[in-house]
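The following paragraphs offer a guided reading of the structure shown below. The discussion proceeds from strand pairing to helix packing and then to the contact between chains.

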Amino acid sequence: MKLTRRRRQRLARSAGYVVFALVILAVVAAADWGTLSEAFFRLDVARSMFPEAITVALRNTVFYTLMAFAFGLALGLVLALMRLSSVLPYRWFATAYIELFRGLPALLVLFMVGYGVPLAFPDREIPGGVYGSVTLGLGITAAAYMAETIRAGIQAVPKGQLEAARTLGMSHTRAMISIILPQAFRIVIPPLTNEIILLTKDTSLVYVLGVTSTTIELTKFAGDALNTRVNPTPLVVAGLLYLVITLPLGQVVRYLERRAARER
Amino acid sequence: MSTIEISNLHKSFAKLDVLRGIDLSVGTGEVVCVIGPSGSGKSTLLRCVNLLEQPTSGTVRVGDVEVTDPDCDIDGVRRRIGMVFQQFNLFGHLTVRENVTIAQRRVLKRSRAEADRIALLNLERVGLADKAGSYPAQLSGGQQQRVAIARALAMDPQLMLFDEPTSALDPELVGEVLAVMRGLAAEGMTMLVVTHEMAFAREVASRVVFMDGGVVVEQGPPAEVFGNPREDRTKTFLHRVLEPTSVSESEIGAHLSE
Ligand SMILES: Nc1ncnc2c1ncn2[C@@H]1O[C@H](COP(=O)(O)OP(=O)(O)OP(=O)(O)O)[C@@H](O)[C@H]1O
Ligand SMILES: [Mg+2]
């Protein structure tokens, strides 16, 4: 039998599948399943985490994410507009801010907000307690990323849109509000949704601010349960609960991107 | 009385002198068509009239306002100058009706009912009243351009600027846009039109202006400019545009603008 191009392709692909299956099988066979399920899938341990895992930990994780996102979005929009402004000091400030906070680890910024700010302003308190600190601590970093995303979105709106708006007698500000920003936001919804996913995961850093039983979020909650039960099942539960948030968001991003591609 | 009065207008981008001393006036009710080769500065001239480009020197008056005066209220002047672009530039996130009402409401502060009424009136004028609820992406190029004209007309402009309004259209859609413009001209609208549609210029223009290399080379009634051009550059241009299939190989090298 002669090896045509199609036959050769088929052969190579089958060989690939066989190797892949063998590797998986080898790993599965080598693992100690009895001990594993005893460690990670103990139903009684999992059950003991509820309902607090949802009513407190998941709720706080979602809440922290939304607060930080809202703060980051508002500040990010201001920074994006400053970055595009014709006023030089505004541009400098926005650029410096973005470069600085994109370059710092979120954990470090959280520490600074949690411990640095109270030292710097001893007579004042960040409003909202832990919630306020988390909003600031995560939002400051998120704003830097979102500013760049929003700037790119604004610049992706064709120049003719602004010209048409100005030609109709709209001021620059009015044209921004009524014409440019609505179209820019349509463009940046998929990347911003990605930003929510990243923020959701970053809320796992919040424990460094010292959380109580009412302000606890998923990762710390699972860590505590791990310590008290001396069993890693809580990690699996927390992981699944994160996926409950992030998987649907990922689907939303994919849907929005597909829709945007169709409209173009 | 003239609606537009341009004198000694210069415009350069960095080192490139695009407009090199333009004098041009457009009288009330006049339809002036600007023709000329690509890159001759036609769009730039038009965009200097409503200050989408800042002239380097010279003056532009519209009505009794000098738009080149740094203290002039440019938003106020632009409100009275309609402009139609080659690429339509409809607002993609708004329906046809909203495209035509948004500036009426935000700039002229008309009530919603009043703005809707005037929008419908102008959409009827361009034959698109039934498309009020559609989005621009759902319309053909010709329909989009007619909406753009209605959007400009809804502001009750004193004059209209057109920058190659049919150049981005499929050939079979050019006619509907030109028909609307012909109607406007017949109603006495003052119009400054950059176009490559020579038949339209010949039929509708009160005056034709031929530009090349950033200057006005020749202007006059269409019968004269088309029928009996005085300048060689005008003759060469018209020959190339009106009989593109008869341009001989020996002419290709010789570029129009010196
Ligand atoms: N914003 C700009 N920056 C730099 N150069 C520009 C700019 N706008 C126009 N030009 C240049 O100015 C010259 C004249 O441009 P303009 O668009 O006015 O020509 P035109 O006569 O309208 O040509 P066309 O028929 O191709 O539209 C061109 O060489 C163009 O590259
Ligand atoms: Mg042009």
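In this predicted model, strand S7 (residues 159-163) and strand S8 (residues 190-194) of chain B run parallel and are joined by five bridges. One of the residue pairings in this ladder can be named: B:Leu159 has B:Thr190 in S8(B) as its bridge partner. The two strands belong to an open sheet of six strands in chain B, ordered S6-S7-S8-S3-S9-S10, in which the pairing is mixed. The edge positions are taken by S6 and strand S10 (215-220) of chain B; each has a single partner strand, so one side of each is left without a neighbour in the sheet. Direction ignored, neighbouring strands of this sheet are turned by 15° against each other on average. Against this sheet, H5(B) lies across S6 and S7 of chain B, and its direction makes an angle of about 170° with S6(B).

Chain B also contains an open sheet of four strands, with the order S2-S1-S4-S5 and antiparallel pairing. Here strand S2 (16-27) and strand S5 (65-66) of chain B are the edge strands; since each has a single partner strand, one side of each is left without a neighbour in the sheet. Strands of a sheet pair through backbone hydrogen bonds, in either a parallel or an antiparallel manner. Between strand S1 (residues 2-13) and strand S4 (residues 57-62) of chain B, which run antiparallel, there are five bridges. Within S4(B), B:Arg61 is the bridge partner of B:Glu5, and B:Val60 is that of B:Ile6.

S4(B) continues the sheet on to S5(B), to which it is joined by two bridges in an antiparallel arrangement. B:Val62 has B:Val65 as its bridge partner in S5(B). The hairpin of these two strands has two residues between them, and B:Gly63 takes a positive phi near 60° there. Helix H1 (residues 42-49) of chain B lies across S1, S2 and S4 of chain B and runs at about 120° to S1(B).

Side chains of opposite charge can pair when their charged atoms come close. Over all chains, the structure holds 20 salt bridges. One within chain B links the side chains of B:Arg117 and B:Glu114, with an N to O distance of 3.4 Å. How far apart are B:Arg117 and B:Glu114 along helix H4 (residues 112-125) of chain B? They are three residues apart, and are therefore separated by about one helical turn.

The contact between the chains remains to be described. The size of an interface is often given as the accessible area lost when the parts come together. Chain B and chain A bury about 1,600 Å² between them, of which 60% lies on carbon and sulfur atoms. On the chain B side, B:Arg78, B:Phe91 and B:His93 lose the most area to chain A, together accounting for 34% of what that side buries. In residues, the contact takes 22 from chain B and 18 from chain A.

Two salt bridges are counted between chain B and chain A. B:Asp75 forms a salt bridge with A:Arg166, in which the closest N and O atoms are 3.2 Å apart. The count of residue pairs in polar contact between these chains is six, with both residues at pLDDT 80 or more. Helix H2 (74-79), strand S6 (81-84), helix H3 (96-106) and helix H5 (141-153) of chain B each supply at least two residues of the side that touches chain A. By class, that side of chain B has 12 nonpolar, four polar and six charged residues.

Definitions and conventions: Residues are numbered from 1 along each chain as its sequence is written. Chains are lettered from A and ligands numbered from 1 in the order in which they are written. This is a predicted model: local features need pLDDT of at least 70, side-chain atom pairs count only at pLDDT 80 or more; totals for chains, interfaces and linings use all residues. Side-chain values use heavy atoms; hydrogens and water are left out. Contact means heavy atoms within 4.5 Å. Buried area is the accessible area (1.4 Å probe) that two parts lose on being put together, summed over both. A salt bridge is a side-chain nitrogen of Lys or Arg within 4 Å of a carboxyl oxygen of Asp or Glu. A polar contact is a pair of N or O atoms within 3.5 Å; within protein, one must be able to donate a hydrogen and the other to accept it, and residues adjacent in sequence count only if both atoms are side-chain atoms. Ala, Val, Leu, Ile, Met, Phe, Trp, Tyr, Cys and Pro count as nonpolar, Asp, Glu, Lys and Arg as charged, and the others, Gly among them, as polar. Two strands pair if DSSP finds at least two bridges between them. Axes are lines fitted to C-alpha atoms, for helices over the stretch in contact, and angles run from 0 to 180 degrees between N-to-C directions.
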